[in-house]
Amino acid sequence: MDDPYLDMMHGVTRRRFLRNTGVGLGAAALSMLMKQDAHAAIPGAIDIDHSLLPHFAAKAKHVIYLHMEGSPPQQDLFEYKPKLNELNGQPCPESMMSKERFAFIKGHPKILGSPYKFSQHGPGGAWFSELLPNLRSIADKITVINSMTTDQFNHAPAQLLLYTGSPRMGRPSMGSWITYGLGTENQDLPGFVVLVSGAAGPSSGKNAWSSGFLPTVHQGVQCRSTGDPVLYLSDPPGMDRPGRRRSLDALRDLNEMQMERDADPETLTRISQYELAYRMQVSVPEVMDIAAEPESIRTMYGATPGTASLANNCLLARRLV
């Protein structure tokens, strides 16, 4: 007896089976995204981006990471090195120089001790220099780690190692991993926001907040203190909100067609990021407006609205969390 189902399966190659299976999984994920959009229209609903839910229950609620490029070295701040002071002005020991190559160092360098006084604070007796009188007053509330070492001391590879665990480009940054692990419940803002105080940014460039091999939804979104908070977030001249909505709907339809054809998971990211950008047009200007903060708070931070500064970004980070 002929079985039409078996006859149909005989014409299915392994490649076609895997491709169609991927489309099925992608369609399920896409329907979940569409369901979230419908859920977002319900007044009072609590929205959760299920694509960013953590694998385990998270203990941390927020992470604010400050990278103080150009700050004094750790041996002038947290790491008391009495041996450096003892050897101050003497040539580096030969054991440190043999079979080593150091960029930008010529001849035989000399040891440089710290000119600052150190004292111990907190229950663990952490060392702080006189440069940090306020920070050492809360020594019982912070953790200082002095056990980490590296052989990367040039700026760009050292920063990549710090941010991604590798001195070479291509791996996810710690912000991407944190977003991947903790997720986010905010539908209107990125889970991973980058605030750059200096004009040039870090020596390692945008690789410092790259998502690497993780889905691009976990990549850092750079916000600015002046002009549009996010580049190209505002509607271009002649485009109003209804027009932007219609264009996004058309893009979504095209992307859905591409998803059905190629089964590329990045298409889902593209759809969700377009929708996030649309919602960010309303939410980002409000949250980035530090002028809304009381004058006493702005004075405490030393923040000045409309400028690019570390003080502004610290206040913005607090507003974002």
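Helices and strands here are DSSP runs, with at least four residues for a helix and at least two for a strand, numbered from the N terminus. With that in hand, Asp 76 can be placed in the loop between helix H2 (14-40) and helix H3 (82-86). Keep in mind that this is a predicted model. Let's start with the whole chain, then come back to Asp 76 and look at some salt bridges.

**The chain as a whole**

- The chain has 10 helices and four strands.
- Starting at the N terminus, the order of elements is α-α-α-α-β-β-α-α-β-β-α-α-α-α.
- Of the 321 residues in the chain, 27% are buried.
- If you take the contacts with a separation of 6 or more, 62% of them link residues that are 24 or more positions apart.
- About 21,400 Å² of the chain is exposed, and 57% of that comes from carbon and sulfur atoms.

**Asp 76, a buried charge**

- Does Asp 76 have a salt-bridge partner, or has it no salt bridge? Asp 76 is buried and has no salt bridge, and the nearest side chain of opposite charge, Lys 81, sits 12 Å away. A salt bridge has to be within 4 Å, so Lys 81 doesn't qualify.
- What Asp 76 does have is a polar contact: its side chain meets the side chain of Ser 114 at 2.6 Å.
- Which residues does Asp 76 touch, if you skip its neighbours within four places in sequence? They are Ser 114, Pro 115, Tyr 116, Phe 118, Ser 129 and Leu 131.

**Elsewhere in the H2-H3 loop**

- Ser 71 is also in the loop between H2 and H3.
- Ser 71 has a relative accessible area of 38%, so it counts as partly exposed.
- The side chain of Ser 71 reaches the backbone oxygen of Met 68 at 3.0 Å.

**A nonpolar patch on the surface**

- Met 68 turns up again here: together with Ile 64, Leu 66, Leu 310 and Val 321, it makes a nonpolar surface patch of about 430 Å².
- Val 321 is found in the segment after helix H10 (310-320).
- Why is Val 321 called partly exposed? Because its relative accessibility is 43%, and partly exposed covers the range between under 20% and over 50%.

**Salt bridges around Arg 252**

- A search of the whole structure turns up seven salt bridges.
- Arg 252 pairs with Asp 253, where the closest N and O atoms are 3.7 Å apart.
- Arg 252 also meets Glu 256 in a salt bridge, at 3.7 Å from N to O.
- Where do Glu 256 and Arg 252 lie? Both are in helix H7 (residues 241-262), four residues apart, which is about one turn of the helix.
- These three residues are partly exposed: Arg 252 has a relative accessible area of 23%, Asp 253 is at 39% and Glu 256 is at 21%.

**A salt bridge between separate parts**

- Glu 293 and Arg 318 join their side chains in a salt bridge, 3.2 Å from N to O.
- Glu 293 is in the loop between helix H8 (265-287) and helix H9 (295-301) while Arg 318 is in helix H10, so this pair ties together parts that are 25 residues apart in sequence.
- Is Glu 293 buried or exposed? Its relative accessible area is 10%, so Glu 293 is buried.
- Arg 318, in contrast, is partly exposed at 35% relative accessibility.
- Back in the other group, salt bridges with shared partners join Asp 249, Arg 252, Asp 253 and Glu 256 into one network.

Methods: Residues numbered from 1 in each chain as written. Predicted model: local features only at pLDDT ≥ 70, side-chain atom pairs only at ≥ 80, totals over all residues. Heavy atoms only, no water. Buried < 20%, exposed > 50% of the residue type's maximum accessible area, 1.4 Å probe, protein only. Lys, Arg positive; Asp, Glu negative; His and termini not counted. Polar contact = N/O pair within 3.5 Å; in protein donor to acceptor, adjacent residues only side chain to side chain. Contact = heavy atoms within 4.5 Å. Areas by Shrake-Rupley, 256 points an atom, 1.4 Å probe, with all protein chains shown as cover. Patch = residues over 30% accessible without salt bridge, like charges linked within 9 Å, V, L, I, M, F, W, Y side chains within 5 Å.
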